[in-house]
Amino acid sequence: MAEIKCIGILTSGGDAPGMNAAIRAVTRAAIYNGFSVKGIYRGYKGLLTNEIVDFKTQNVSNIIQAGGTILKTARCKEFQTPEGRQQAYANLKSHGIDALVVIGGDGSLTGARIFANEFNIPCIGLPGTIDNDLFGTDRTIGYDTALNTIMECVDKIRDTATSHERLFFIEVMGRDAGFLALNGAIATGSEAAIIPEISTEVDQLGQLIQNGFRKSKNSSIVLVAESPVTGGAMGLAERMRREFPEYDVRVSILGHLQRGGSPTAADRILASRMGAAAIDALMEDQRNVMIGIKNDQIVYVPFSKAIKNDKPIDRTLLETLRILSI
Ligand code: ADP
């Protein structure tokens with residue numbers, strides 16, 4: 001394996017709070033260890049259009065507290081073609097970049113894996129997604145902040161729900177994963193969470209009504225993961241109005257505000273540890289791994305595992321939620 005001198009860094013796919021803290025950590029840990037660093041703007045798109053600049057320690061000053069990503073993020077169809085990746089590789093070489101750190105979700109790490117295998121370039125992934133849905137890591141960068149944002153919003157909705165004695169379906173993000181909905185529901189004392197992982201197994205709404213849901217309550221809140229599998233908050237509310245017209249049902253869709261905001265301490269620390277670990281991994285000759293965290297220890301997860309496997313939810317949390325909502 002050729003010696004690594006210059007490390008490129010990019011953020012890709014859906015943005016997540018804490019990406020900036022990760023960019024800062026990768027940049028500073030790399031420079032500390034004698035590497036040069038290049039920032040690549042707009043994810044894989046910037047690799048193709050040569051939006052690549054030198055990064056010094058000052059480039060990442062005063063960003064640890066900022067939401068979003070200073071490198072911007074984008075989706076790039078061309079990178080999914082062999083010709084696109086060939087161009088990306090040529091641009092990397094022309095900038096002298098010989099290793100890549102990719103911060104993003106499932107799709108971005110899939111791209112990194114394919115690219116790394118095609119061109120034998122060392123790639124390290126950092127799990128940057130609010131959905132917490134990457135296998136092999138207990139937490140992803142951005143998840144804790146999004147969860148806290150959901151908690152603040154639901155607390156506010158609870159005030160109006162109680163005043164009007166209403167039932168609210170609140171939709172949160174999580175196309176394939178119910179981590180935000182489930183833990184958000186526990187954190188806010190919601191009555192239930194409707195999540196994709198079990199939507200095909202049981203009729204969660206039917207079960208809820210059958211269990212005597214809302215017997216002694218003057219307001220109820222149900223968190224719904226936005227997935228097509230759950231039917232979303234709108235779909236469930238329509239069904240409720242049809243089947244149980246006695247309920248005064250309202251819907252609130254939290255949408256993109258879940259992606260924004262200053263990262264929590266937990267996300268800043270996670271991103272900082274993972275960013276520094278990405279450089280450790282390269283120095284230890286690790287190739288094509290995602291940095292994960294397990295039982296508060298940094299672990300290296302082969303891309304193949306992180307991407308291919310579905311991360312299971314802890315089903316005991318559903319039971320806890322049910323017990324606590326009586
Ligand atoms: P996320 O990383 O948040 O899951 P996407 O799924 O949109 O976001 O992926 C981000 C980008 O990663 C895509 O726009 C594309 O450039 C790249 N990518 C995703 N899947 C592949 C793939 N199979 N092959 C090559 N590149 C991919």
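This note covers the ligand site and one hairpin of a predicted model.

1. Location. The ligand sits in the largest pocket. Its shell counts 16 residues. G14, R75, C76, G107 and S108 are the closest of these.

2. Make-up of the shell. Polar residues number 9. Nonpolar residues number 4, and charged residues 3. Glycine is counted as polar in this division, a point to keep in mind with G14 and G107 among the closest residues.

3. Main contributor. Which helix gives the most to the shell around the ligand? Helix α4, spanning residues 106-119, does so with 6 residues.

4. Polar contacts from the backbone. C76 places a polar backbone atom 2.7 Å from an oxygen atom of the ligand. G107 also has a polar backbone atom by a ligand oxygen, at 2.9 Å.

5. Polar contact from a side chain. For S108, a polar side-chain atom is 2.5 Å from an oxygen atom of the ligand. As for cover, the ligand on its own has 550 Å² of accessible area, and the protein covers 78% of that.

6. Strand pairing. Away from the ligand topic, strands β10 (residues 289-294) and β11 (residues 297-302) run antiparallel. They are joined by 6 bridges. Within this pairing, I291 has Y300 of β11 as its bridge partner.

7. The turn. How many residues lie between the strands of the β10 and β11 hairpin? There are 2. In this hairpin, N295 takes a positive phi, near 50°.

Terms used:
Residues are numbered from 1 along each chain as its sequence is written. This is a predicted model: local features need pLDDT of at least 70, side-chain atom pairs count only at pLDDT 80 or more; totals for chains, interfaces and linings use all residues. Side-chain values use heavy atoms; hydrogens and water are left out. A residue is near a molecule or strand if one of its heavy atoms lies within 4 Å of it. A polar contact is a pair of N or O atoms within 3.5 Å; within protein, one must be able to donate a hydrogen and the other to accept it, and residues adjacent in sequence count only if both atoms are side-chain atoms. Accessible areas come from the Shrake-Rupley method with a 1.4 Å probe; for residues, only the protein chains shown count as cover. On a 1 Å grid over the protein atoms alone, a cavity is a set of points where a 1.4 Å probe fits but cannot get out, and a pocket is an open set with protein on both sides within 12 Å along at least five of seven lines; lining residues have an atom within 4 Å of a point. A molecule sits in a cavity or pocket if more than half of its atoms lie within 2 Å of its grid points. Helices (H or I, at least four residues) and strands (E, at least two) are DSSP runs, numbered from the N terminus. Two strands pair if DSSP finds at least two bridges between them.
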